[in-house]
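Welcome, and thanks for taking a look at this one with us. Have the viewer open, and let us walk through the strands and the contact between the chains.

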There are 2 protein chains.
Amino acid sequence: MPPSTPANPGTPVSEIETPALIVELDLLEENLQTMAGFMSGYPEVSWRAHAKTHKCVELARRQIAAGAIGICVQKTGEAEVFAGAGIEDILVTNQVVDPRKLQRLARLAGRSRIAVCCDDPDNARAIGAAAEAEGTRIGVLIEIETGAKRAGVDGTAALAATIAAIEDNGNLHFRGLQAYNGPAQHKRTMAERQAAITYTADRVRAALRFLESQGVACETVTGGGTGTFPLEAASGVYTEVQPGSFIFMDADYARNGETGGTVFAAFRQSLFVLTSVTSLRPGQYALVDAGHKAAAVDSGMPVLHGQNGVTFTRAADDYGVIEFEQGSGNLSLGRQLRLIPGHCDPTVNLHDWILGVRDGVVECCWKVDARGALL
Amino acid sequence: MPPSTPANPGTPVSEIETPALIVELDLLEENLQTMAGFMSGYPEVSWRAHAKTHKCVELARRQIAAGAIGICVQKTGEAEVFAGAGIEDILVTNQVVDPRKLQRLARLAGRSRIAVCCDDPDNARAIGAAAEAEGTRIGVLIEIETGAKRAGVDGTAALAATIAAIEDNGNLHFRGLQAYNGPAQHKRTMAERQAAITYTADRVRAALRFLESQGVACETVTGGGTGTFPLEAASGVYTEVQPGSFIFMDADYARNGETGGTVFAAFRQSLFVLTSVTSLRPGQYALVDAGHKAAAVDSGMPVLHGQNGVTFTRAADDYGVIEFEQGSGNLSLGRQLRLIPGHCDPTVNLHDWILGVRDGVVECCWKVDARGALL
């Protein structure tokens, strides 16, 4: 049994047990509309929502209802959760090597449209063998090196060998190229992000020229996250973008936002870790009941929302320390505060429930369906 | 339903699906014996195992069988899991403020011996009210400030007010003092750790003198973690120590170990995140299937076990990057590697299962019973 919900629908936010993950539904819906509105300006480019951010079937459904053509996931286990809930188009934006995972993926391909990334000819053959054994067809995207030190074929010889292995197997369908520049998402100035994506798009163009020279059709070029998707959308080479965090946003992305000037600046912080003061040293610091088991710190400390002169300075496992510049304001034992997580994706993965709130009341409790789906 | 186990008992380690959390049972048992052996040299000092490390009922039972007088937890929800499984003596090493949590704690006090830390007279009265309403008795330890910027009363006026509030309520039992110096656990030299604990023990002595002057008996002084418990045990003021990580150890504690010279150096790394190579750039780097959703990075990157010239340099959500100093050794796609987590406690909290392995075979699958028990 997963831990019980921190509150039921109808509960005032002030009565939610903490720490709890809450999302402001008005802001979440606004973010979805912002994305849909922006993408409507690029009718030749699709958006595929990255579900590793929320791991939540209800949110995937809402993204698809808002215009996403499907979802991305990182793990086979995540794909199983979403396919099991009827999500029809799933891209695993990662390499899957273990033959047992490939078997599971091949089985899923019997119920949903499944694609996976690949950067190695032997791996392509293994994917093909799994699809053959299950009598299904798996889409394969060749991941190309983007200058980000992650997966991806580097150079035309590796690309040629991988494409040959894919085309050699009737149970595989070459879908195109995956070119995701992860670190570019978090470069702080628009100029740096633009330079990174220009470099990546040039790599894509070189790969496309090679494919064309070989007579290989490439229907899809996919990549781009919340920090850069407007650049990929406008690049002229991408046919699909994969933003995830935009529905929630986080403190790290907020540091990008300062450069403004794009649709990016329109996304609102909708996700918060609700926490409460459990110990108070007036004028100096307070302890709250959320530490790094409630708000992930891989991208820095959470930021207090709507509080001036108060800084979250340290996260222990199960409590956080907030320090006051001057006085302790109106804080008292039990006082609720909202934390903007440093990084939304791993924070959601720490929780079993997302509480949707509106006008100060809990409206819905969404299970984090694929929480912990590591395999 | 939690995600399924990465392997069943009887499976060779080489066939465990990854990423998976494994513990070498021989080393775990050795760590328990090391602790029991050391503590037998201090018959006047008890050890109470901190269960926030493992969140696992089976491990709590083994610790108690090895001589622990009970367990510590950080959250009311953790206390519920362990009390529900029959663990009889539980200390919540944290402040609990929310009246609903206090009600739950008061109910638990009807089935297990429950104590909680307190550093505020109003909070003491709230604990008392909850115990009264449930007709149970809750033990209370006053947490004192240890120089570590965490919870704790600071000075005799605050101590006097809190003790008065506890003694005023017949449903509360004053059990003594909690004095845990968290940051001291990770100071890198024994001299620094000794200085920190000497300071903390002096604060305890001052508090004990005050209590004595007021005619208040203090049966327990508790504190000390894996990094410092030999110092608290030898201090002459502590009656109980609270180590948790020693059963598993981690990369951060290993950095302490270099100073050697104590029982600490005898603890063995028993916990590993088993991961596999999913992408390989020979001679440069490889990607593995464990990122920071599988191995917590709040205390730094995981460290590769048993591999020279290979460094885990970056954790993304769902993959990790390992870089080679020279060549890529014998790595190939699918190759299993063992990671020593940077920090064991939050790493365990990312997993639903701990696989106990011995002689290369899975012997048991333990549920991480209190994973995600944040409330």
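What follows is a short tour of the sheets, some strand pairs and the interface.

Please keep in mind that this is a predicted model.

**The open sheets**

Let us begin with chain A. Here 9 strands build an open sheet, and their order is β2-β10-β9-β8-β7-β6-β5-β4-β3. The pairing in this sheet of chain A is parallel. At its edges sit β2 (46-47) and β3 (49-50) of chain A, each of which pairs on one side only.

Inside chain A, strand β8 (residues 172-178) runs parallel to strand β9 (residues 220-223), and 3 bridges join them. If you want a spot to zoom in on, G176(A) stands opposite T220(A) in β9(A).

Chain B also has an open sheet of 9 strands, ordered β2-β10-β9-β8-β7-β6-β5-β4-β3, with parallel pairing. Its edge strands are β2 (46-47) and β3 (49-50) of chain B, and each pairs on one side only. β2(B) pairs in the parallel sense with strand β10 (residues 240-241) of chain B over 2 bridges. There, S46(B) stands opposite E240(B) in β10(B).

**Antiparallel pairs in chain A**

Chain A has antiparallel pairing too, and β15 (residues 320-324) of chain A is a good place to find it. One partner is β12(A), which pairs with β15(A) over 4 bridges. In that pair, A286(A) stands opposite I322(A) in β15(A). Another partner is strand β14 (residues 310-315) of chain A, joined to β15(A) by 5 bridges and also antiparallel. In this second pair V310(A) faces F324(A) in β15(A). β14(A) and β15(A) form a hairpin, with 4 residues between them.

The strand pairs visited so far are gathered here.

| Strand pair | Sense | Bridges |
|---|---|---|
| β2(B) and β10(B) | parallel | 2 bridges |
| β8(A) and β9(A) | parallel | 3 bridges |
| β12(A) and β15(A) | antiparallel | 4 bridges |
| β14(A) and β15(A) | antiparallel | 5 bridges |

**Where the chains touch**

How many residues of chain A are in contact with chain B? There are 50 of them, and they contact 50 residues of chain B. On the chain A side, the elements that give two or more residues are β5 (89-95), α5 (121-134), β11 (271-281), β12 (285-288) and α10 (344-348) of chain A. β11(A) gives the most, with 4 residues. By class, the side of chain A that touches chain B holds 19 nonpolar, 13 polar and 18 charged residues.

β12(A) therefore links two parts of this tour: it is among the elements listed for the contact with chain B, and it pairs with β15(A).

Note on methods: Residues numbered from 1 in each chain as written. Chains lettered and ligands numbered in written order. Predicted model: local features only at pLDDT ≥ 70, side-chain atom pairs only at ≥ 80, totals over all residues. Pairing = 2+ DSSP bridges. Contact = placed C-beta atoms within 7 Å. Nonpolar A, V, L, I, M, F, W, Y, C, P; charged D, E, K, R; others polar.
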